[in-house]
Amino acid sequence: MDESTVVLMQKNTESGLLEKELGCYTVEGNTALLRQIYAQQEEAGMMVHLFLTCDREIEDWEYEAIFDYYDMDALSKWLGNMQEVEGSYHPIWSGVFVYPEETEPMEAYLTAVLQAHEAELASVYEAIADKKDDYCET
């Protein structure tokens with residue numbers, strides 16, 4: 001499995017600017033699925049905001065099909081407040097989790113999220129393979 005490095009930055013709640021590096025993590029899995037990540041101080045503590053996407057070019061009809069068939073509950077074990085993020089060229093999902101300050105738990109957590117997302121996407125791609133006619137206007 002491929003390893004990549006992910007840098008986590010803290011985002012200023014008021015200005016929206018990235019202020020400082022919180023950590024650098026070695027993650028196993030397809031980090032091309034990770035669109036964006038940052039941490040932000042909130043009432044519940046330091047929260048990590050994670051944005052996941054697809055790892056391949058998709059056809060126009062697949063956009064809605066992917067959202068329709070993606071089971072966000074498959075990642076609910078790791079990510080809270082999971083949502084679809086519309087308005088991008090590719091489907092994007094966002095979720096949050098409490099920032100673990102130790103490196104090893106964070107690396108394991110990110111690896112688990114990416115692997116679960118990759119597995120769910122594979123399931124979605126398989127499920128929609130023959131659905132083009134359902135999503136294309138004639």
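This is a short tour of selections to make in the viewer, and the model you are looking at is a predicted one.

Begin with strand β1, which covers residues 3-11, and select Gln10 within it. With a relative accessibility of 13%, Gln10 counts as buried, because the cut-off for that word is under 20%. If you leave aside the neighbours within four places in sequence and show what is in contact with Gln10, you will find Leu17, Leu18, Glu19, Lys20, Leu22, Ala39, Gln41 and Met46.

Next, select helix α1, residues 60-69, and colour its buried residues, which are Trp61, Glu62, Tyr63, Ala65, Ile66 and Phe67. The elements that cover these buried residues include β5 (80-85), β6 (92-98), α2 (103-128) and α3 (132-135).

Stay with Glu62 and add Arg56, since these two form a salt bridge in which the closest N and O atoms are 3.1 Å apart. Here Glu62 is buried at 7% relative accessibility, whereas Arg56 is partly exposed at 31%.

Now select Lys132 and Glu59, whose side chains meet in another salt bridge, at 3.5 Å from N to O. Because Lys132 lies in helix α3 and Glu59 in the loop between β4 (45-53) and α1, this pair ties together parts that are 73 residues apart in sequence. Both partners are partly exposed, Lys132 with a relative accessible area of 38% and Glu59 with one of 43%.

The count of salt bridges comes to three, and to see the one not yet visited, select Lys131 and Asp130, which meet at 3.9 Å from N to O.

Finally, select Glu64, Asp68, Glu84 and Glu86, which form a negative surface patch; Asp68 brings you back to helix α1.

Methods. Residues numbered from 1 in each chain as written. Predicted model: local features only at pLDDT ≥ 70, side-chain atom pairs only at ≥ 80, totals over all residues. Heavy atoms only, no water. Patch = residues over 30% accessible without salt bridge, like charges linked within 9 Å, V, L, I, M, F, W, Y side chains within 5 Å. Areas by Shrake-Rupley, 256 points an atom, 1.4 Å probe, with all protein chains shown as cover. Salt bridge = Lys/Arg side-chain N within 4 Å of Asp/Glu carboxyl O. Lys, Arg positive; Asp, Glu negative; His and termini not counted. Charge placed at Lys NZ, Arg CZ, Asp CG, Glu CD. Helix = DSSP H or I, 4+ residues; strand = E, 2+ residues; numbered from the N terminus. Buried < 20%, exposed > 50% of the residue type's maximum accessible area, 1.4 Å probe, protein only. Contact = heavy atoms within 4.5 Å.
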